[in-house]
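Me: I have a structure open and would like to go through it step by step. Could we begin with a single residue and then move on to the sheets and helices?

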Amino acid sequence: MAAPCIEIAESAGVGIDGQHRPTEDRVIPLPHAVIVADGATALRDGQLSGGWYADRLCTALARRLADQPFADLRTVLADAIAAIAAEHGLVPGSAPSSTVAMLRWSTGTVDALVLADSPVVVFTGDGPDVLADDRLAALPRPGGGYRKRLRDGGGYGPDHAAALRASADSFGRLRNVDGGFWVAEADPTAADRARTASWPRAEVTAALLATDGVSCGVDDYGLFDWPDLLARATTDGPAAVLDAVRAAESADPDGVRWPRAKRHDDQTLAVVRF
């Protein structure tokens, strides 16, 4: 059976201050898997960055997938979270965090895992099968928070940063608790809440792994659906998908039409063709 073809496109966004800085997304392709992580941006000085954590998490996951190619993906994730927390003394509730998306294949199956808002989309003859974690997006937002402020024309700047921090403080209490949302951080039991799925490999034609700086083009902006996105990536290359999302955001520079934490988020898209 031929090895899949993997194409990756990445683009750094901006910080909450609107300034360019290195991406906090990470992606690692392996001979039998792809790992994508989106580190949560630190909102206060002195905090470890989400990119720092995402980098270590992807490296730990890659090592374990290489050593244990058929291990349960939730177990692989739990072991990686626990190892990083122990090595760096991370404390649940005050540690940096990251989303996780993993796709792994063997001769017989294709397996996927997602934790937080970095989806995996697998295409078969029946169309796209979206494995997503929408628990954060589904939480109620009393008063509208920073999104209402942007929608009302408040724009980006120091006041937006203050509103974003207030929102993060509120939702931080719901991180990795029942009734809240789940993300990779310092508590390995969060891996038990990851969403997983499997498909017969013979039925899979392609798969996408995306951070929310790309999936927003489908879920929020309505620029394309998942088959359209795959077709665009196939015809023009995955970077063209990132460019289309950036162009939409540039046409909404103050976040009035699409209120979002940053004018431009980090973007990562991995396209796997079987």
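Me: Which residues does Thr 211 touch, leaving out those up to four places away in sequence?
Reply: This is a predicted model. In it, Thr 211 touches Asp 25, Val 36, Ala 37, Asp 38, Asp 117, Ser 118, Asp 266, Gln 267 and Thr 268.

Me: And where does Thr 211 lie?
Reply: Thr 211 lies in the loop that runs between strand 9 and helix 5.

Me: Is Thr 211 buried or exposed?
Reply: Thr 211 is buried, because its relative accessible area is 0% and the cut-off for buried is under 20%.

Me: Now the sheets. In what order do the strands of the sheet with strand 9 come?
Reply: That open sheet has five strands in the order 1-10-9-6-7, with antiparallel pairing. Strand 1 (5-11) and strand 7 each have a single partner strand, so one side of each is left without a neighbour in the sheet. On average, neighbouring strands here are turned by 15° against each other, direction ignored.

Me: What holds strands together in a sheet, in general?
Reply: Strands of a sheet pair through backbone hydrogen bonds, and the pairing is either parallel or antiparallel.

Me: How many bridges join strand 6 to strand 7?
Reply: Five bridges join these two antiparallel strands. As one example, Thr 124 stands opposite Gly 127 in strand 7.

Me: Which helices pack on that sheet?
Reply: Helix 6 is one of them, touching strand 6, strand 7, strand 9 and strand 10, and its direction makes about 85° with that of strand 10. Helix 7 packs there as well, touching strand 1 and strand 10, at about 30° to the direction of strand 1.

Me: How do the axes of helix 6 and helix 7 cross?
Reply: The axes of helix 6 (residues 226-236) and helix 7 (residues 238-250) come within 6 Å and cross at roughly 120°. That angle makes helix 6 oblique to helix 7.

Me: Which residues meet there?
Reply: From helix 6, Leu 229, Arg 232, Ala 233 and Asp 236 meet Pro 238, Ala 240, Val 241 and Ala 244 of helix 7. By class, the contact has six nonpolar, no polar and two charged residues.

Me: Which residues of helix 6 are buried?
Reply: The buried residues of helix 6 are Trp 226, Leu 229, Leu 230 and Ala 233. Seen down the helix axis, they fall within an arc of 100°, so they line one face of helix 6. A general rule is useful here: an α-helix has 3.6 residues a turn, so residues three or four places apart point the same way.

Me: What do the buried residues of helix 6 pack against?
Reply: They pack against strand 6 (120-124), strand 7 (127-131), strand 9 (204-210), helix 5 (212-219), helix 7 and strand 10 (267-273).

Me: Next, the other sheet. Which strands stand at the edges of the sheet ordered 2-3-4-5-8?
Reply: This is an open sheet of five strands with antiparallel pairing. Strand 2 (25-30) and strand 8 (195-200) stand at its edges; each has a single partner strand, so one side of each is left without a neighbour in the sheet. The twist averages 10° from one strand to the next.

Me: Which residue is the bridge partner of Val 34 in strand 4?
Reply: The partner is Leu 103. Four bridges join strand 3 (residues 33-38) to strand 4 (residues 100-105), and the two run antiparallel.

Me: And which strands does helix 1 lie across?
Reply: Helix 1 (residues 50-67) lies across strand 2, strand 3 and strand 4, running at about 15° to strand 2. Helix 2 (residues 73-88) also packs on this sheet, touching strand 4, strand 5 (109-115) and strand 8.

How values were computed: Residues are numbered from 1 along each chain as its sequence is written. This is a predicted model: local features need pLDDT of at least 70, side-chain atom pairs count only at pLDDT 80 or more; totals for chains, interfaces and linings use all residues. Side-chain values use heavy atoms; hydrogens and water are left out. Two strands pair if DSSP finds at least two bridges between them. Axes are lines fitted to C-alpha atoms, for helices over the stretch in contact, and angles run from 0 to 180 degrees between N-to-C directions. Contact means heavy atoms within 4.5 Å. Angles under 35 degrees count as roughly parallel, over 145 as roughly antiparallel, 65 to 115 as roughly perpendicular and the rest as oblique. Ala, Val, Leu, Ile, Met, Phe, Trp, Tyr, Cys and Pro count as nonpolar, Asp, Glu, Lys and Arg as charged, and the others, Gly among them, as polar. Buried means under 20% relative accessible area, exposed over 50%, partly exposed in between (1.4 Å probe, protein chains only). The arc is that of the directions from the helix axis to the C-beta atoms.
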